[in-house]
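Q: Please take a close look at one part of this structure for me. I would like to follow a single sheet, with what packs on it and what opens beside it, in one connected account.

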Amino acid sequence: MDIRSLGYLRIETTELAEWRTYALDILGMTEGADSTDDTLCLRIDDRAHRIVVQAGESDRLLAAGWEVANAAELARAAAELEAAGHAVKPADDRLLAERRVRDLIQVTDPCGNPLEIYWGQAQDHTALGTPYGNRFVTGELGLGHVVLPVADIDAALDFYENLLGFQLRDSMKLPPQAVPTAAEERDFHWMHFLSPNRRHHSLGLYPGQLPPGIVHFMVELETLDDVGRGLDRMNEAGIPIASSLGRHTNDHMVSFYAQAPGGFQVEYGWDGLVVDPATWVAKEITADSFWGHQWNG
């Protein structure tokens, strides 16, 4: 299967007004033309939208959208998923118009996380016009990354690595106290980081269960100053900082984590590692960060 990148995220929220302020005024994203009174479409590059937040009765991830190159690759993905025993649901015209894509299929991973695989997303050729002159790193690397909770870490790793074709980049042992919602007791729990492209990881698999169905998503900025100014805006707005500024050992990202409306976090980072998949060797990391990233509970 030839998935190229994490293309978009769709989120349901009970706090749409808070998300509007958070995404536009704090994260420095811009509002897409498809926004309505109950749906906030967010641009960070030339795509019609990368993140969609829609009003609803809960706070949860509705879908992680993974991009393939064309119709033939989407048909191949659907056939391979069905052959492996995963139910595939094709999109109707209404859904395609809403997603602004040529075609897509819906499927869930072995742990119930909702995925969409698509091709042909519409572009927006107007100037991005971010409010602080900040720029995001996307392109062939995709939106950024998302960390999903998975009750069965082994089944999830097999699905993403051996069926969807993601490359395992590295893994980390988590102590039991770091995974209070683990499905079973173990001396430690593996967390895995994978990607279908040169971004160090587009996907993290967290071995526990979380009600929003998402642990965090990351967006990458072009400069360290963009990140620092974002941190200042978070502090000025009184938004809780979940983890202080630090540099990760695996993807070398300099970032901080902030609470988002709805019970999960956003990582705001710079200088993420870009790898050569042909020469990469999977490793175990034994520390989360070289420095910083002090977690506040």
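A: A residue counts as buried when its relative accessible area is under 20%. Keep in mind that this is a predicted model. Threonine 30 is a handy place to try that cut-off: its relative accessibility is 9%, so it counts as buried. This residue belongs to strand β2, which covers residues 30-31. Leaving out residues up to four places away in sequence, the contacts of threonine 30 are Leu24, Cys41, Leu42, Arg43, Leu128, Gly129, Thr130 and Pro131.

Now to the sheet you asked about. Let's enter it through strand β10, residues 167-174. Of the 8 residues in β10, 6 are buried, so the strand is largely enclosed by the rest of the structure. Strand β11 (residues 189-195) runs antiparallel to β10, and 7 bridges join the two. Within that pairing, methionine 172 sits opposite methionine 191 of β11. β10 also pairs with strand β17 (residues 283-285), this time in the parallel sense and over 3 bridges. Here aspartate 170 has lysine 283 of β17 as its bridge partner. As you look along these strands, it helps to remember that side chains in a regular strand alternate between the two faces of the sheet.

Stepping back, β10 is part of an open sheet of 10 strands with mixed pairing, in the order β17-β10-β11-β12-β9-β13-β16-β15-β14-β18. Its edges are β17 and β18 (289-292), each of which pairs on one side only. On average, neighbouring strands in this sheet are turned by 25 degrees against each other, with direction ignored.

Further along the order you reach strand β14 (residues 241-248) and strand β15 (residues 254-260), an antiparallel pair held by 4 bridges. One pair to pick out there is glycine 246, whose bridge partner in β15 is serine 255. Helix α1 (residues 16-26) lies across β13 (216-221), β15 and β16 (264-270), and makes an angle of about 155 degrees with β15. Helix α4 (residues 153-163) packs on the sheet too, where it touches β9 (145-149), β10, β11 and β12 (203-206). The direction of α4 makes about 15 degrees with that of β11.

Next, have a look at the loop between β8 (114-119) and β9, where you will find arginine 135. At 40% relative accessibility it falls between the 20% and 50% limits, and so arginine 135 counts as partly exposed. Arginine 135 and threonine 223 are 88 residues apart in sequence, yet their C-alpha atoms are 8.0 Å apart in space. Apart from neighbours within four places in sequence, arginine 135 is in contact with Leu128, Glu220, Leu221, Glu222 and Asp226.

What opens beside these strands? The largest pocket has a volume of about 710 Å³. It is lined by 29 residues, and those closest to its centre are Met191, Tyr206, Val215, Gln265 and Trp295. The elements that give two or more residues to this lining are β9, β10, β11 and β16, and β16 gives the most, with 3 residues. Met191 thus turns up twice in this account: opposite methionine 172 in the strand pairing, and among the residues closest to the centre of the pocket. By class, the lining of the largest pocket has 15 nonpolar, 11 polar and 3 charged residues.

The second largest pocket has a volume of about 170 Å³. Its lining has 14 residues, with Cys111, Asn113, Pro149, Leu210 and Gly213 nearest the centre. That lining is made up of 8 nonpolar, 5 polar and 1 charged residues.

Finally, there are enclosed spaces to visit: the whole structure has 2 cavities of 30 Å³ or more. The largest cavity has a volume of about 60 Å³. Its lining includes His145, Met218 and Glu220, and Glu220 is also one of the contacts of arginine 135. By class, the residues around this cavity divide into 5 nonpolar, 4 polar and 3 charged. The second largest cavity, of about 30 Å³, is lined by Tyr132, Asn134, Asp226, Arg229 and Arg233. Of these, 3 are charged, 1 is nonpolar and 1 is polar. Asp226 links back to the loop as well, as another contact of arginine 135.

Methods:
Residues are numbered from 1 along each chain as its sequence is written. This is a predicted model: local features need pLDDT of at least 70, side-chain atom pairs count only at pLDDT 80 or more; totals for chains, interfaces and linings use all residues. Side-chain values use heavy atoms; hydrogens and water are left out. Buried means under 20% relative accessible area, exposed over 50%, partly exposed in between (1.4 Å probe, protein chains only). Two strands pair if DSSP finds at least two bridges between them. Axes are lines fitted to C-alpha atoms, for helices over the stretch in contact, and angles run from 0 to 180 degrees between N-to-C directions. Contact means heavy atoms within 4.5 Å. On a 1 Å grid over the protein atoms alone, a cavity is a set of points where a 1.4 Å probe fits but cannot get out, and a pocket is an open set with protein on both sides within 12 Å along at least five of seven lines; lining residues have an atom within 4 Å of a point. Grid points are joined across faces, edges and corners, and a volume is the space filled by probe spheres set on the points. Ala, Val, Leu, Ile, Met, Phe, Trp, Tyr, Cys and Pro count as nonpolar, Asp, Glu, Lys and Arg as charged, and the others, Gly among them, as polar.
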